[in-house]
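Subject: Structure handover and notes

Hello,

The structure we discussed is below, followed by my notes on what was found in it. Please read the notes with the structure open.

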Amino acid sequence: MAAPIETLPTPVAAGRPPRPPRARATDTDRRHRRGTARWFVLAAAVLVAVLMLVPFVIMVLNAFKAPADYSQNGPLSWPAEFYTEGLRSFWTRVNFPEKLVNSVWISGTVAVFGVTLSLLSAYALGVGRVKGRMWVVTLFLLANMLPQEVLVYPLFQMAQEVGLSNNQWSVIIIFTVIQAAFGTYLLSSVLGTFPRALLEAASLDGAGRWRTLWGVVFPVVRPTLSVLLIFFFIWTWNEFFIPLVMLTTNATQTIPVALASLQGDRMMDAPTTNAGALVSMVPAIIFFLIFQRTLTRGITAGAVK
Amino acid sequence: MTTVDRPRVRNRRSRDWLGYLPYLVPGLVAFTVVILIPFGMNIYYSLHKWKGGNAPLRWYGLGNYTDLLADEQFWTSFRNSVAMIVAMVLVPTVIGLLLATTLFDVLGKRFGPRVASVLRASYYLPQILPVAVAGVLWNWILNSQTGALNVLLREVGVTDPPNWLGSTSTALPTVMLVLIWIQIGYPVVIFMSALQRVDPELYEAAELDGAGWWHRFRAITIPQIKPETFVITLTCTVAALKVFGPIYVLTRGGPESSTLVPSYYSYLNFFDKSKVGYGAAIANVLTVLIIVVAVVIMVLQSRSARREEEGR
């Protein structure tokens, strides 16, 4: 029974005769027969979703609890009162607005610089077909896979030498290059298929390479660039290792580093920990909700390329 | 106009690329300064004994590397990398594939796309959190005294609940569970979009031939989504070998290096033990391993793609 299917994996759509009406019938039959089974499947899928979401739910529940309430009634009770002291104490202790500004500033700058750098390099590799481009692209791709540990100590030293230690610019420069290595890889394959007719038309109109880039190529690939922009922003926002090493004082740290370095602080009772985690994830969640579509498109675009 | 332009256009064809070189310069310069030179320096450091900073560099040749061979912790860290691959590649990919096909085949079709996309979003949620935030959250949940899990266990009558992250026997499996929780959403999202790409006529034809769900899954789904499976395997394996954040936040490699991983071990040597050369050597070994694994996966991928094309 499986034999005929084994030969099917390649799309055969073109040559297939029109589907016989019987298919519809079996489909409805099946739906009737599986009337209860599908509810079990739904229940299982929902159960997995609940397991995934439980940590978030108990975090929110406990972020608004007084420490005494927590130790008395446990993690699953409804807060006895709407307690915001934990939230407030986390907010002031880590100077959250400052960390938020740091994170936005670093991630935003990296995203813009990274996309610009990717576009320039990918223009040369994809449109310009620079010789040896395969090597360059492979090199960039491998660089993106390097563990950051292999770069961190020399970069740490270099930052100190040029006066950028504990300076956000060190982190910005490093991530601009790391993200652009991936961006170049992705964009150059997109630009490799850029319609030649458009380029030739531009050159007949007397546009040089610079004007062609900004007047013809840029507008066409703008959707891809905005996906990259969002990705670079989020990746940089979530980065932990290099910011941890490079940003040594409170005033320069990003949200994840500030949150992690508060850990082990004995003043952090359970509700404050939860308030901290809650406040720290809010920007990520908001960003996710705004850009959910772009994100899903981006993840999958990255996968197929 | 056009007659004047034509020879120039033709001439451009051959050595046209030279004119594009300036656009590659910023990228290459930045790449050299931030990646190539530091990488070279790291190799140089790994050949020395060095406490870092202004301390003198002492030539040690391959000594750091041979020391690694006799270092029990080093081997432990790489053994734990295997556990990380299980937790970040193997289990999430299998579960992710099951969830994605369930969402796509059953729930999306019988309960509507909205149900499927809400479920998908809840699987994906942990992926968008900064890993440090996820780590802090789990660190509290799993705390032996004040953590939600053990408080709950005590309430239901378990008198002596395990010290999840604090005992050598449970720490590694517990970290693995947290990593699975973080990772699952990624394959789900990618596999779901892969399934959308598959021609539904294939399934219909198979169904007409009387193939059951399992047959269709094996003979159509798995081969059709092979490209995405390779991408997931590649990116997640590299991520698993590099994993640092969750370990730093959850256990710092402990207790007694039961959750030590190479990247954390190298960090420890750099910034804690002041053994910069040794840390550099660990990072270099890790790099070689990652590149070998990545190249092997890429070769397998292109070979499988080629075979598919020839089969056609």
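Chain A overall

Along its sequence, chain A runs α-α-α-α-α-α-α-α-α-α-α-α-α-α. That makes 14 helices and zero strands; helices (H or I, at least four residues) and strands (E, at least two) are DSSP runs, numbered from the N terminus.

This is a predicted model, in which local features need pLDDT of at least 70 and side-chain atom pairs count only at pLDDT 80 or more, while totals for chains, interfaces and linings use all residues. Residues are numbered from 1 along each chain as its sequence is written, chains are lettered from A and ligands numbered from 1 in the order in which they are written, and side-chain values use heavy atoms, with hydrogens and water left out.

Of the 305 residues in chain A, 51% are buried. Here buried means under 20% relative accessible area, exposed means over 50%, and partly exposed is in between (1.4 Å probe, protein chains only). The accessible surface of chain A is about 14400 Å², and carbon and sulfur atoms account for 66% of that; areas come from the Shrake-Rupley method with a 1.4 Å probe, and for residues only the protein chains shown count as cover. For contacts (heavy atoms within 4.5 Å), take the pairs in chain A at least 6 apart in sequence: 76% of them join residues at least 24 apart.

Phe291(A) lies in helix H14 (residues 270-304) of chain A and is partly exposed at 23% relative accessibility. Its C-alpha atom is 37 Å from that of Gln160(A), with the two positions 131 residues apart along the chain.

Salt bridges

Over all chains, seven salt bridges were found, a salt bridge being a side-chain nitrogen of Lys or Arg within 4 Å of a carboxyl oxygen of Asp or Glu. Three of interest follow.

- Arg88(A) and Glu85(A): the closest N and O atoms are 3.6 Å apart. The two sit three residues apart in helix H5 (residues 85-93) of chain A, about one helical turn. Arg88(A) is partly exposed at 49%, and Glu85(A) is partly exposed at 39%.
- Asp105(B) and Lys109(B): the N to O distance is 3.8 Å. They are four residues apart in helix H4 (residues 72-110) of chain B, again about one helical turn. Asp105(B) is buried at 19% relative accessibility, whereas Lys109(B) is exposed at 56%.
- Arg79(B) and Glu72(B): the N to O distance is 3.7 Å, and both residues are exposed.

On the spacing: an α-helix has 3.6 residues a turn, so residues three or four places apart point the same way.

Helix H7 of chain B

Helix H7 (residues 148-155) of chain B has Ala148(B), Asn150(B) and Val151(B) as its buried residues. These pack against helix H3 (37-63) and helix H4 (67-73) of chain A, and also against helix H6 (131-141) of chain B. Gly157(B), just after H7(B), has a positive phi of about 105°.

A charged patch on chain B

Lys49(B), Lys51(B), Arg58(B), Lys273(B) and Lys275(B) form a positive surface patch. Patches are made of residues with over 30% relative accessible area and no salt bridge, like charges being joined within 9 Å and nonpolar side chains (Val, Leu, Ile, Met, Phe, Trp, Tyr) within 5 Å. Lys and Arg count as positive and Asp and Glu as negative, with His and the chain ends not counted; the place of a charge is NZ of Lys, CZ of Arg, CG of Asp or CD of Glu. Within the patch, Lys275(B) is in the loop between helix H14 (262-271) and helix H15 (276-311) of chain B, and is partly exposed at 39% relative accessibility.

Regards
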